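Grab a pencil and work through these exercises with the structure open beside you. Try each task before you read its solution.

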Amino acid sequence: MARALIIDTDPSVDDAVAALVALASPEDLEVLALTTVAGNVPVALTTKNALKILALAGRTDIAVHPGATGPLNGALRSAEYVNGATGMDGFDLPEPARAGKGYAPDAIVDTIMARPAHSVTMVCIAPMTNLALALRKAPGVAGRLREIVIMGGARSEAGNITPCAEFNIFVDPEAAQMVFTCGAPITLIPLDCTHQALTSAGRLGRLRALGTPVAEALYHLLVFNKRFHERRCGTDGAPLHDATTIAYLLRPELFSGRHVNVAVECASGLTRGMTVIDWWSVTGKAANAQVLTGIHADAYFDLVLERLARLA
Ligand code: RIB
Ligand code: CA
């Protein structure tokens with residue numbers, strides 16, 4: 001039976017690839033809903049982008065639930081400098097013909113409580129404010145989850161928004177800490193892993209050669225997306241961060257890592273949002289997450305392209 005997912009997202013193109021690969025894999029994954037949050041851009045825009053992605057895939061049957069407009073504490077730190085003012089600059093997808101409905105934290109609670117225990121997986125590819133609010137409203141949700149798969153954080157790769165912090169965790173560290181301490185099985189895919197998986201010219205060429213409207217749209221969005229990373233890091237391509245979560249669910253053998261303790265720095269101004277990953281078990285604290293730091297990058301892109309080729 002396909003694994004049921006809620007994808008909590010702030011699209012951006014790597015979020016889009018994650019959702020599209022999941023939608024292209026119905027034999028393995030059932031996407032129950034997309035829940036959106038303020039992150040890359042404000043929530044009105046991430047919601048609009050989520051609706052556009054589902055329309056691109058012809059899946060207007062899947063609900064989009066807009067969620068938190070900002071982190072649990074303080075103001076939103078968005079990232080228009082990476083993906084543009086819309087969050088998905090580079091290709092104009094049609095305006096959505098429908099709106100989001102409901103409120104993401106409520107939808108997360110209602111869906112998980114209505115489905116059989118240990119059947120729903122949360123895929124968190126954005127700041128985790130929505131899941132934190134759901135846990136605050138209904139702490140029993142944690143014990144009913146099958147798994148939480150998170151793209152976020154960094155072990156030894158250092159941060160991408162501060163020297164110590166990765167964007168998704170930095171935007172809402174308190175939410176992330178609530179999630180890491182909730183007791184559900186967690187898999188974390190940090191920058192150490194995603195920085196090995198770059199949208200090189202060769203890989204983008206293979207994407208465009210698929211020749212479908214989906215591939216053409218993603219090609220242009222990814223070309224826009226990679227400019228920032230290439231300028232900053234001098235690489236050929238940008239990390240395709242968020243689709244690693246879906247690839248892990250489809251082909252876990254492509255990844256390697258350890259079960260360790262993860263805590264989030266919520267206090268220090270200097271290191272706020274840092275994921276403190278106890279790789280060598282020096283604290284003696286119980287493991288609360290599987291942290292993946294290794295990826296077979298070529299096989300990852302083969303999988304992504306094979307699944308995207310299924311979409312028209
Ligand atoms: O740091 C990477 C994360 O930030 C990804 O989720 C990407 O979509 C961006 O929002
Ligand atoms: Ca994201």
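## Exercise 1: the calcium site

Along the chain, the donors of the calcium ion (ligand 2) are spaced as D-x4-D-x109-I-x116-D. This is a predicted model, where local features need pLDDT of at least 70, side-chain atom pairs count only at pLDDT 80 or more, and totals for chains, interfaces and linings use all residues. Residues are numbered from 1 along each chain as its sequence is written, chains are lettered from A and ligands numbered from 1 in the order in which they are written, and side-chain values use heavy atoms, with hydrogens and water left out.

**Task.** Which residues are the protein donors of the calcium ion (ligand 2)?

**Solution.**
- Step 1: know the rule. Donors are N, O and S atoms within 2.8 Å of the metal (3.2 Å for Na, K and Ca); water is not among the atoms, so sites may look incomplete.
- Step 2: read off the protein donors, which are Asp-10 (OD), Asp-15 (OD), Asp-15 (OD), Ile-125 (O) and Asp-242 (OD), 2.3 to 2.6 Å from the ion.
- Step 3: place two of them. Ile-125 sits in strand 4 (residues 120-125) and Asp-242 in the loop between helix 11 (213-233) and helix 12 (243-250), so this pair, 117 residues apart, links distant parts of the chain. Helices (H or I, at least four residues) and strands (E, at least two) are DSSP runs, numbered from the N terminus.
- Step 4: check burial. Buried means under 20% relative accessible area, exposed over 50%, and partly exposed in between (1.4 Å probe, protein chains only). Ile-125 is buried at 0%, and Asp-242 is buried at 3%.

## Exercise 2: strand 2 and its partners

**Task.** Why is strand 2 (residues 29-36) largely enclosed by the rest of the structure?

**Solution.**
- Step 1: look at burial. Seven of the eight residues of strand 2 are buried, so the rest of the structure largely encloses the strand.
- Step 2: find the partners. Two strands pair if DSSP finds at least two bridges between them. Strand 1 (residues 3-9) runs parallel to strand 2, joined by seven bridges, and Thr-9 stands opposite Thr-36.
- Step 3: turn to strand 3 (residues 63-66), which pairs with strand 2 in the parallel sense over four bridges. Here Ala-33 stands opposite Ala-63.
- Step 4: trace the connections. Strand 1, helix 1 (residues 13-23) and strand 2 form a right-handed β-α-β unit. Strand 2, helix 2 (residues 43-56) and strand 3 form a right-handed β-α-β unit too. A crossover is right-handed if, with the strands pointing away from the viewer, the path from the first strand over the helix to the second runs clockwise.

## Exercise 3: one side of a helix

**Task.** Which residues of helix 10 (residues 201-208) are buried?

**Solution.**
- Step 1: list them: Arg-203, Leu-204 and Leu-207.
- Step 2: look down the axis. These residues cover an arc of only 95°, so they lie on the same side of helix 10. The arc is that of the directions from the helix axis to the C-beta atoms.
- Step 3: find what they pack against, namely helix 11 and helix 13 (297-308). Contact means heavy atoms within 4.5 Å.

## Exercise 4: one lysine

**Task.** Is Lys-48 buried or partly exposed?

**Solution.**
- Step 1: locate Lys-48, which lies in helix 2.
- Step 2: use its relative accessible area of 29%, which makes Lys-48 partly exposed.
- Step 3: list its contacts. Not counting residues up to four places away in sequence, Lys-48 touches Glu-95 and Pro-96.
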